[in-house]
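Thanks, everyone, for making the time this morning. I would like to walk you through one protein model, starting with the whole and then moving to a few of its parts.

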Amino acid sequence: MRILIVEDERKIADLIADVLTSEGFIPEIASDGEEGWFLGSTENYAAAILDIGLPKRDGLSVLRNWREEGLELPVILLTARANWNERVEGIDAGADDYLGKPFQMEELVSRLRALLRRSSGQKTTTLEAGPLRLDLRQMRVSVDGRPLKVTPLEYRLLNYLMHHRGDVISQEELVQNVYYRDQEPDSNAIEVLVGRLRRKIGGGVIETRRGFGYLIAEDTP
């Protein structure tokens with residue numbers, strides 16, 4: 001899943017990006033408010049981590065603009081200022097969560113996972129569909145209780161489909177949320193990836209809607 005990081009302190013932004021990458025996410029960094037506002041408005045992200053104190057356009061302004069545009073992107077606000085009025089202002093502007101600096105990366109990842117679960121209607125860190133089970137905290141996959149070895153690409157694809165269970169996801173959307181921007185997958189890369197996963201987990205979990213994309217159905221047996 002693609003996560004937008006809008007943070008002007010490069011060391012912090014890079015550290016967040018490194019941690020999210022190790023947790024199976026695809027982070028992308030914007031270094032000022034104008035760039036962050038544009039990317040959030042024009043690209044497809046699962047969530048945004050948004051600093052309040054940004055150059056060119058402050059984080060609250062970015063957030064208000066997103067909400068005025070009808071963008072429902074889940075947002076975690078970051079700030080170095082421990083001001084309760086600012087927190088209230090951030091929540092009123094449409095933030096979904098709030099984290100003050102300095103913070104522990106483990107807490108940020110935990111809050112991000114919780115935010116993504118809420119936005120997709122999930123209640124636990126374990127996602128299940130028929131015999132398939134994903135442990136989001138341990139980043140482990142099992143089928144009928146047996147551990148299954150998957151590649152990072154395979155995990156990211158399963159993770160995205162499970163968070164959007166019941167929705168048909170196009171190949172283009174899967175490419176955006178499985179591959180990094182500097183990767184150039186072949187035109188049939190998702191088809192090949194799905195084929196590999198079906199051989200590992202069985203053919204009844206990931207369904208094909210020819211001409212539209214793939215899904216894991218709500219009623220997967």
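What percentage of the 221 residues in the protein do the buried residues make up? Before I answer, please keep in mind that what you see is a predicted model. The buried residues come to 48% of the 221, where buried means under 20% relative accessible area. As for the surface, the protein exposes about 11,200 Å², and carbon and sulfur atoms supply 47% of that area.

Turning to overall dimensions, the C-alpha atoms fill a box of roughly 50 × 35 × 30 Å along the principal axes. A compact globule of 221 residues would have a radius of gyration near 17 Å, and the 18 Å found for this protein agrees with that. If we take the contacts with a separation of 6 or more, 60% of them are accounted for by residues 24 or more positions apart. The secondary structure amounts to eight helices and 11 strands, and from these I have picked one sheet and one helix.

The sheet is an open one of four strands, in the order β6-β7-β8-β9, and its pairing is antiparallel. Because β6, residues 126-129, and β9, residues 146-148, stand at the edges with a single partner strand each, one side of each is left without a neighbour in the sheet. From one strand to the next, the twist averages 25°. Looking at β6 and β7 in particular, with β7 covering residues 132-135, we find antiparallel pairing over four bridges, and here Leu 127 stands opposite Leu 134 in β7.

Now, which helix lies across β6, β7 and β8? That is α6, residues 152-163, which runs at about 100° to β7. The 12 residues of α6 should span 16 Å at 1.5 Å a residue, and the end C-alpha atoms are indeed 16 Å apart. Since 10 of those 12 residues are buried, α6 is largely enclosed by the rest of the structure; among the buried ones are Glu 154, Arg 156 and His 163, as well as Tyr 155 and Leu 157.

Let me finish with a residue elsewhere, Glu 72, which sits in the loop between α3 (59-68) and β4 (75-79). Is Glu 72 buried or exposed? With a relative accessibility of 74%, Glu 72 counts as exposed, because the cut-off for that class is over 50%. Glu 72 and Gln 176 are separated by 104 residues in sequence, while their C-alpha atoms are 18 Å apart in space.

Conventions:
Residues numbered from 1 in each chain as written. Predicted model: local features only at pLDDT ≥ 70, side-chain atom pairs only at ≥ 80, totals over all residues. Heavy atoms only, no water. Pairing = 2+ DSSP bridges. Helix = DSSP H or I, 4+ residues; strand = E, 2+ residues; numbered from the N terminus. Axes fitted to C-alpha atoms, helices over the stretch in contact; angles between N-to-C directions. Contact = heavy atoms within 4.5 Å. Rg over C-alpha atoms; globule rule 2.2 N^0.38 Å. Buried < 20%, exposed > 50% of the residue type's maximum accessible area, 1.4 Å probe, protein only. Areas by Shrake-Rupley, 256 points an atom, 1.4 Å probe, with all protein chains shown as cover. Expected span 1.5 Å × (residues − 1).
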